[in-house]
Amino acid sequence: MMRVYVDRELCQTHAQCVFAAPDVFELDENDELHYIAEPDESQFAAVEEAALLCPVQAISFRG
C-alpha cells in the first residue's frame, strides 16, 4: 500500500502535483491542496513524478 505525505509547512501550492497526478492531488476553489493519502498502486508513477516536480519538495511517499 502506498502512503503519500505533503508537508503543509513547505507546500506553496505551485500545483505541479495536480498536473502530474490529477487523480491524487487537487486544489479547491480557495487554492487549498487536497490529496488522497492512500492512492491505488496504479498511481505510483504519477505520485513519484509529482514528488519530483514539486519545487519545494513538500511531497514524500512510501509504498
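The following chat goes through a predicted model, from its nonpolar core to a few single residues.

Student: Before we start, what kind of model is this, and how are residues numbered?

Tutor: This is a predicted model, in which local features need pLDDT of at least 70 and side-chain atom pairs count only at pLDDT 80 or more, while totals for chains, interfaces and linings use all residues. Residues are numbered from 1 along each chain as its sequence is written, and side-chain values use heavy atoms, with hydrogens and water left out.

Student: OK, which residues touch the most other members of the largest nonpolar core?

Tutor: Cys17, Phe25, Ala50 and Ile59 do, out of the 18 residues in that core. A nonpolar core here is a set of buried Ala, Val, Leu, Ile, Met, Phe, Trp, Tyr and Cys residues joined through side-chain atoms within 4.5 Å; buried means under 20% relative accessible area, exposed over 50%, and partly exposed in between, with a 1.4 Å probe and protein chains only.

Student: And which elements give two or more residues to this core?

Tutor: Those are β1 (3-6), α1 (16-20) and α2 (44-53), and the largest share, four residues, comes from α2. Helices (H or I, at least four residues) and strands (E, at least two) are DSSP runs, numbered from the N terminus. As a general point, nonpolar side chains in soluble globular proteins tend to be buried together.

Student: What does Cys17 touch?

Tutor: If residues up to four places away in sequence are not counted, Cys17 touches Pro22, Phe25, Leu33, Ala50 and Ile59, where contact means heavy atoms within 4.5 Å.

Student: Cysteines make me think of disulfides, so how many does a search of the whole structure find?

Tutor: The search finds zero disulfides, a disulfide being a pair of cysteine sulfur atoms within 2.5 Å. For Cys11, the nearest cysteine sulfur is that of Cys17, 6.4 Å away.

Student: Why is there no bond from Cys54 to the closest cysteine sulfur?

Tutor: The closest cysteine sulfur, in Cys11, is 6.5 Å from the sulfur of Cys54, which is too far for a bond. Cys54 counts as buried at 11% relative accessibility, whereas Cys11 is partly exposed, with a relative accessible area of 24%.

Student: Switching topic, how many cavities of 30 Å³ or more are there?

Tutor: The count comes to one cavity of 30 Å³ or more, and the largest cavity has a volume of about 110 Å³. Of the 14 residues that line the largest cavity, the closest to its centre are Cys11, His14, Ala15, Cys17 and Cys54. On a 1 Å grid over the protein atoms alone, a cavity is a set of points where a 1.4 Å probe fits but cannot get out, and lining residues have an atom within 4 Å of a point. Grid points are joined across faces, edges and corners, and a volume is the space filled by probe spheres set on the points.

Student: What about aromatic pairs, how many are counted?

Tutor: The count is two aromatic pairs. Rings of Phe, Tyr and Trp (its six-membered ring) pair if their centres lie within 6.5 Å, and planes under 30 degrees apart count as stacked, over 60 as edge-to-face and the rest as tilted. Phe44 and Phe61 form an edge-to-face pair, 5.5 Å centre to centre with 85° between the planes. Phe44 lies in helix α2 and Phe61 in strand β4 (residues 59-62), so the pair ties together parts that are 17 residues apart in sequence.

Student: Are Phe44 and Phe61 buried or exposed?

Tutor: Phe44 is partly exposed, with a relative accessible area of 31%, and Phe61 also counts as partly exposed, at 25% relative accessibility. Phe44 is 42 residues from Met2 in sequence, yet their C-alpha atoms are 7.5 Å apart in space.

Student: Last one: which residues other than glycine have a positive phi?

Tutor: Asp31 and Gln57 can be named, with a phi of about 60° for Asp31 and near 55° for Gln57. Most residues other than glycine have a negative phi. Asp31 is in the loop between β2 (25-27) and β3 and is partly exposed, with a relative accessible area of 48%. Gln57 is found in the loop between α2 and β4 and is exposed, with a relative accessible area of 60%.

Key: 1 Å grid on protein atoms, 1.4 Å probe; cavity = no way out; pocket = protein on both sides within 12 Å on 5 of 7 lines; lining within 4 Å.
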